[in-house]
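Student: I would like to learn how to read an RNA-binding surface and some helix packing. Can we work through a case?

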Amino acid sequence: MSGYDHAEVREFWQYVWEQEDVYTLPADATDPTYVLGMFPYTSGELHMGHVRNYAITDAYARYRRMCGDDVLHPMGWDAFGLPAENAAFERNTDPERWTRACIERMREELESLGFGYDWSREITTCDPAYYRWNQWLFVRLYEAGLVEYTAATVNWCPDCETVLADAQVAEGRLCWRCESPVERRELDQWFFTITDYAEELHEGLDGLSGWPEGVREIQRNWIGRQEGAEISFELPDGEVEVFSARPDTVYGATFLALSPGHELVGELTDDDRALADAVDALREGRPGEAGYDGVDTGLSATHPLTGEKLPVYVAPYVLEDVGTGAVMGVPGHNERDHAFAREHGLPVVGVVEPAAGGGDDGGAGPGTPGANADGTTGTDPGTPGVDADEGTEADSGTPGTDAEGTTETDDTVLPYTGEGRLIDSGEYTDFDSEEARERLLAEVEAIEPTTIYRLRDWLISRQRYWGTPIPIVHCPDCGRVPVPESELPVELPEFVKTTGNPLDAAEEWKRATCPECGGPAVRETDTMDTFVDSSWYFLRFLSPGLAEAPFDPELAAEWLPVDLYVGGDEHATLHLLYLRFFTKALADLGLLDRREPVDRLLSQGRVLYDGEKMSTSRGNVVAPQEYGAETTRLFVLSAAHPTRDFEWTANDVRAAYDLQQELYETVVSFVDAVERDRGTWRLVDRDGSAPRDEYVAREVDRTVAVVTEEFERFRYHRAFAEIRELARLLRRYREHGTVDRGVCRRAVGDLARLVAPMAPHLAEELWNRLDGEGLVVEADWPEPETVGRPRAERRLLERTREDVREIVDVVEIEDPTRIELVVAPAWKHRIAELARGSGDVRAALPTAEVDAPAAAVDAFVAELAERGSDPAPLDGEGELAVLSRGGWLLEAEFDAEVEVRRGVEGEELAETARPGKPAIHIG
RNA sequence: GCGCGGGUAGCCAAGCGGUCAACGGCGCAGCGCUUAGGACGCUGUCUCAUAGGAGUCCGCAGGUUCGAAUCCUGUCCCGCGCACCA
C-alpha cells in the first residue's frame, strides 16, 4: 500500500544519525544516565536474546534522552574465549582474525536494528589496549593479597582442555559450555580470593532494592552463608574442630566423623596401613553416592562438656570442603548422623524436645525424645491432644514408623531436627534452643561462633591461548614475580595450531627475564578466565581511550553506578557476582568510592519457540526479510513484560508490523491532507471547540500520561497497546466527520514521539514528514496538557457506552434516535464522597449541605449502605465533562442524537442516576 | 528437603484493597466498509434476564475487612535456584 520502505528508511536515518553524531555522549555531560546491556560474546551472530536485551536498553536510553538526560549507552565486545580458538583451529585461521570478522558482522546487525550506541566508546577485550588493564588490575590485586597461587583439586574439562571455576560446572559435574563430564585434577592454579568478600557480598544483597529478588536469592544461595559454631574436641594427641549450625545439640553428640580428605586422616593413614587401605576404599565411591560407610579410626575424642569419650570415624558422607570437613555426630537431631549411627550401631540420644504447646516447629513428629522417655513424658502434655492433625503429619514425615514392632520408640520420634527445649544437657537443660546456643557460645571455651560460606575462591587460570596472559614470570630464584607495570601489556604471541595450550608451545615467548634478579625466567602460560574481562568493562566505558589507567576515578565517582543494567538470570552467579566483587575490591584499592556497581537490574525473560529457548537451531529469526529489522525489535518489546518469557509467534510479529504501517499511513495521509487538501482527513480550524475535538485532545493527553508511566516501569508491551489504541481512535475520529487541524497535528506529532524509543527509524521518518523540529531522537518527550484521571475517565465512558448498548439490546430498541445521559445531582456525589471517607455515612451526614428532600436522601443513603460504599473516582462536573466530550462515540455508533446534562432534583431521571453511573434514557 | 517466582475466562496476558464480570491481544461469531485488501472498522464472546438487573467467577480451602483477583494462613500444581551443606 503506502510504500513504507523499511529498508530505505532505515538506511537513510542511520546515515543521518551518524552524520549528526546523535548518540555520542556530550563531552560536558554531568552524571549521565548510564544504561548498559549485556556484554556480547563475539560469536558472529546475534540471537533473539541479544535482540531482546538491547531492544530494552535502547528503548530506555532513548526515552531518557528525550526526557532531557545525558545518556551513556555504550557497546563493546567480550572478544576472548575458547570458541574463537576452536573456530580458528577448524578453519585454519587464527582467533584474532576470526574474532574481528565476527565483530564486524555483529556491529552491522546491531546497527540495522537501530540501536543507538555511542560507538566512540567501543571497546574490545582482545585489544592489548584493553587487556593490559586486566593485567594491571591483576597485579594490583596481587599486591593487595587478593590473588593466590595454590595447588588445588580443580574442575577439568577434558574437551575444552582447561580448568573451570566452580560456577562454571553445571549440576555439579558438567562443563557449562560443552556439557562434557568434568574431571578432577590436581594443579597449581591462580585464584582471586573472592571469599574475602563473602560476608559483604552476602550482606550487600539486602540493600540492592533495585535488583530482582530472584537474582538476589540465587546469589544468597551461591554464597551460602551459614551461622554456627566451631567446636573443638580434644584428642589424645591434638584436637579436632567441627562446625555445627546447631551447637544446642552438642550434648547429643555420640561420635565424630571426619571426611576422608581431612588433614588428620592423612596423618593417621601415614602410619597405619590398614586404615589407609580402608580409607582408600571409602574414597572409591563418588562423593554423594557413598551412603553411610565409614571406618572407626580407633581414636577417641573428649566431649568438651561431658568429658565423655567419643569414637572418631572416617566417613565419606562428611564433605571435605564444607565447614571444617569434620562433624560431631548427633544422631538424635540430624538425619544423616542418625542414618550413620544406625549403620554403625552407635547410640542415639535425644537432647532437644519440641517446645511444649508449640507444635509449630514442623519437620518432625511430636512426642518425647527417646532415650529418657519415662522421665519426661509428663512435660509434654500436648502430645496426646494433637493426635488428629499432627499425627498424620508425623507419619508421613517420619520414615520408619512402619518398621516391624514398636519397641524402638527412637524410630518414631528421632531424629527430631526442629528446635525446642533442651533436656539432659547439663546446666543448659530447660533452656530453649536459641538461648542455649547463645549461652554455649558465650560461656564455653571450646565453642566459638563462626560463620561459614559455600562460596569458593574464584579460579581464574585457563590453559588456553585466547585470553589475557597472566602477567607473572616464574623465576628459579625469586619464585613468582609480577611483571612490572612498565612492561605491560604482556601481549599474546602469534597463534600456532597445536593440540595443547599454544602458549606452552611458544618457546621464545615463554623465555623472560626475572624483573627482580635479572636472571632467566619463564612466563606463566595460563591465561585469565574471560569473566575477568567482563568484571570491570562497565568502568572502561567511562574513559575508553585512557592510556594511564583502566578508568578515570573522578568520572567513576560522578557517573556510577550503572543506572540500568539488563541481562539474563543465567549470569546471576557468574558475571553479576564477579562484577560486585571487583567493585568492592577496586574500592578497597582506592580506585572507586562505590561498593556496588549497579543500581537497577532488570532480568529479562526468554524468547521461546515451541516452548524452548530460541536459538540458531530453534527458529532464530533475527531480521525477517519481509518485515524489516525494526519489526523484530518492536515485536520483542510488544510481546510481553521484559522480565517474562514469551513465545515467538508469527501473529504477534505481524501485529508489530501492522502498527508501523498504521502509523505510517496515518501520518502520510495527514500530511497529504494538510499540504494538498485531499485524502481522508476533512480538516477544519475551529480551535478544538467541538466536543469530540476535546475528547480526542484529552485522549492524546491520557495516552501520553499512560505511556510515560509505562516507560518508567519498562512495560513496553503496555505502551505499545496504548499507542495502537490512540492510532485507532484517530482513525475513528477522522471517519466520523470533520476534524480539527490543531488537534490532529498534536496527536500525530505525539504518536511519532511516543513510538520513537521502540521504533526509531519509523519515528524519524514520521517526524520528518510532519516537519518536526530537528530529529526525533533529540526531540522532547511529549507532556500532557491536562492530566485528569486518565483511567477513571476512560472507565466511566466505556461503562456508560456498554450500558447504552445493553439497554438497546435488552429492550430491543430498533432504531434509537435520541440518547439522554443524566449525571447524578451534586448532593449524591457529596454523600458518596462522605461515605468513602468514613464507614458510617449517617454519622457524617449532618455536616453535609444537602439540597434535597429528606426522603430522597435517606433512600440514597440506604442504597449506598446496602451496596457498600460506592466510590466514585470523579466528581459530578468531571463526569459531565467526560460524557459530553465522549458523546460523539455514541452518535457514531447508533446514529442518534446524544444529550448530556446534569440531573436536577425532582426530575425523574435524576433519581436513578448515581455517582459513576449516569441515568440513561433512550428514545 | 530448603528457598525464590508463578497459577486470572478457549489461548496469551493486564490488574495486585473499592465502578472488577475483571484492560488488551489472539482465536471465534455477527455487522459494516467499494477499498491500508495475505485488509480495515464496529460489536459480541461465563450463565440467566423485554431499561442498564441477578447469579457464578481470578488453582483449592479457610481467615482479615463495610468491601478481596488484590492482604493473611494452610494446601495443591508448574518453573527456577541450592543441597548427603553439618
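Tutor: We take the RNA surface, then the helices. Keep in mind that this is a predicted model.

Student: Which residues come nearest to RNA strand B?

Tutor: Arg336, Glu662, Arg731, Arg795 and Pro915 do, out of 58 residues around the strand. By class, the surface near RNA strand B holds 22 nonpolar, 12 polar and 24 charged residues.

Student: Which elements supply the surface near RNA strand B?

Tutor: Those with at least two residues each are α7 (213-223), β11 (238-244), α22 (650-676), α24 (716-736), α27 (790-811) and β35 (919-922). The largest share, nine residues, comes from α27.

Student: What parts of the RNA lie within 4 Å of the protein?

Tutor: Of those RNA atoms, 53% belong to sugar or phosphate and the rest to bases. Individual pairs show both kinds. A polar side-chain atom of Gln226 lies 2.8 Å from a phosphate oxygen of RNA strand B. For Arg728, a side-chain N or O atom is 3.0 Å from a phosphate oxygen of the strand. On the base side, a backbone N or O atom of Ile920 lies 3.0 Å from a base oxygen.

Student: What describes two packed helices?

Tutor: The angle between their axes and the distance between the axes. Take α7, which also supplies residues to the RNA surface. α7 and α20 (residues 575-588) pack at about 75°, with axes 10 Å apart. Angles of 65 to 115 degrees count as roughly perpendicular, so α7 and α20 are roughly perpendicular to each other.

Student: Which residues of α7 and α20 meet?

Tutor: Val215, Gln219, Trp222 and Ile223 of α7 meet Leu576, Leu577 and Arg580 of α20. That contact has five nonpolar residues, one polar and one charged. As a general guide, an α-helix has 3.6 residues a turn, so residues three or four places apart point the same way.

Student: At what angle do α23 and α31 cross?

Tutor: Roughly 105°, and the axes of α23 (residues 691-712) and α31 (residues 876-894) come within 7 Å. This pair is therefore roughly perpendicular too. From α23, the contact uses Pro691, Arg692, Glu694, Tyr695, Val696, Arg698 and Arg702. From α31 come Ser884, Arg885, Gly886, Trp888 and Leu889. The classes here are five nonpolar, two polar and five charged.

Student: How far does α22 reach from its first C-alpha to its last?

Tutor: 38 Å over 27 residues, close to the 39 Å expected at 1.5 Å a residue. Asp677 follows α22, with a positive phi near 55°.

How values were computed
Residues are numbered from 1 along each chain as its sequence is written. Chains are lettered from A and ligands numbered from 1 in the order in which they are written. This is a predicted model: local features need pLDDT of at least 70, side-chain atom pairs count only at pLDDT 80 or more; totals for chains, interfaces and linings use all residues. Side-chain values use heavy atoms; hydrogens and water are left out. A residue is near a molecule or strand if one of its heavy atoms lies within 4 Å of it. A polar contact is a pair of N or O atoms within 3.5 Å; within protein, one must be able to donate a hydrogen and the other to accept it, and residues adjacent in sequence count only if both atoms are side-chain atoms. Helices (H or I, at least four residues) and strands (E, at least two) are DSSP runs, numbered from the N terminus. Ala, Val, Leu, Ile, Met, Phe, Trp, Tyr, Cys and Pro count as nonpolar, Asp, Glu, Lys and Arg as charged, and the others, Gly among them, as polar. Axes are lines fitted to C-alpha atoms, for helices over the stretch in contact, and angles run from 0 to 180 degrees between N-to-C directions. Angles under 35 degrees count as roughly parallel, over 145 as roughly antiparallel, 65 to 115 as roughly perpendicular and the rest as oblique. Contact means heavy atoms within 4.5 Å. The expected span of a helix is 1.5 Å times one less than its number of residues.
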